[in-house]
Amino acid sequence: KNLNGKAMSRRCELTGKSVMVGNNVSHANNKTKRRFLPNLQSVRFFSESLGRFFRFRVTVNAVRSVDKNGGIDGFLLKAKKDTLSLNARKLQKIITEAKQPSSEAA
């Protein structure tokens, strides 16, 4: 469940990757509908600017993207709002507000 208590769908909270639909194709070329589910994992990310952990349900691909961008803070500062879940957007706003005063003081 996310911050507002509603159950989350099968969608990555950081990249927005979700279920895709396709066909199983048999040797006789019969086609039946199937679903391709994203590889979702429940992961804790540590925010260095806030000094605490946050739990997200993300794809393994998103975990690699977070690592590449230097942690959850760096990822959320670069992320577009339309791909993020409500939970992630709230954290993005908190992190940007926490980063603002330190950049002005320098």
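**Strand pairing and the nonpolar core**

R44 stands opposite R55 in strand β4. The model is predicted, with local features requiring pLDDT of at least 70 and side-chain atom pairs pLDDT 80 or more, while totals for chains, interfaces and linings use all residues. Residues are numbered from 1 along each chain as its sequence is written, and side-chain values use heavy atoms, without hydrogens and water.

Strands β3 (residues 40–47) and β4 (residues 52–59) run antiparallel and are joined by eight bridges. Strands (E, at least two residues) and helices (H or I, at least four) are DSSP runs numbered from the N terminus; two strands pair if DSSP finds at least two bridges between them. Four residues lie between the strands of this hairpin, where G51 takes a positive phi near 70°.

The largest nonpolar core (buried Ala, Val, Leu, Ile, Met, Phe, Trp, Tyr and Cys residues joined through side-chain atoms within 4.5 Å) has 18 residues, and L14, F45, F56, V58, I72 and L76 have the most contacts inside it. At least two residues of this core come from each of β3, β4, α1 (60–68), α2 (72–78) and α3 (86–105). Contacts of I72 (heavy atoms within 4.5 Å) include L14, F45, F56 and L91.

F45 and F56 are both buried (under 20% relative accessible area, 1.4 Å probe, protein chains only). The two rings have centres 6.3 Å apart and planes at 45°, so the pair is tilted; rings of Phe, Tyr and Trp (its six-membered ring) pair if their centres lie within 6.5 Å, with planes under 30 degrees apart counted as stacked, over 60 as edge-to-face and the rest as tilted. F45 in β3 and F56 in β4 are eleven residues apart.

How values were computed: Buried means under 20% relative accessible area, exposed over 50%, partly exposed in between (1.4 Å probe, protein chains only). Lists of a residue's contacts leave out its neighbours within four places in sequence.
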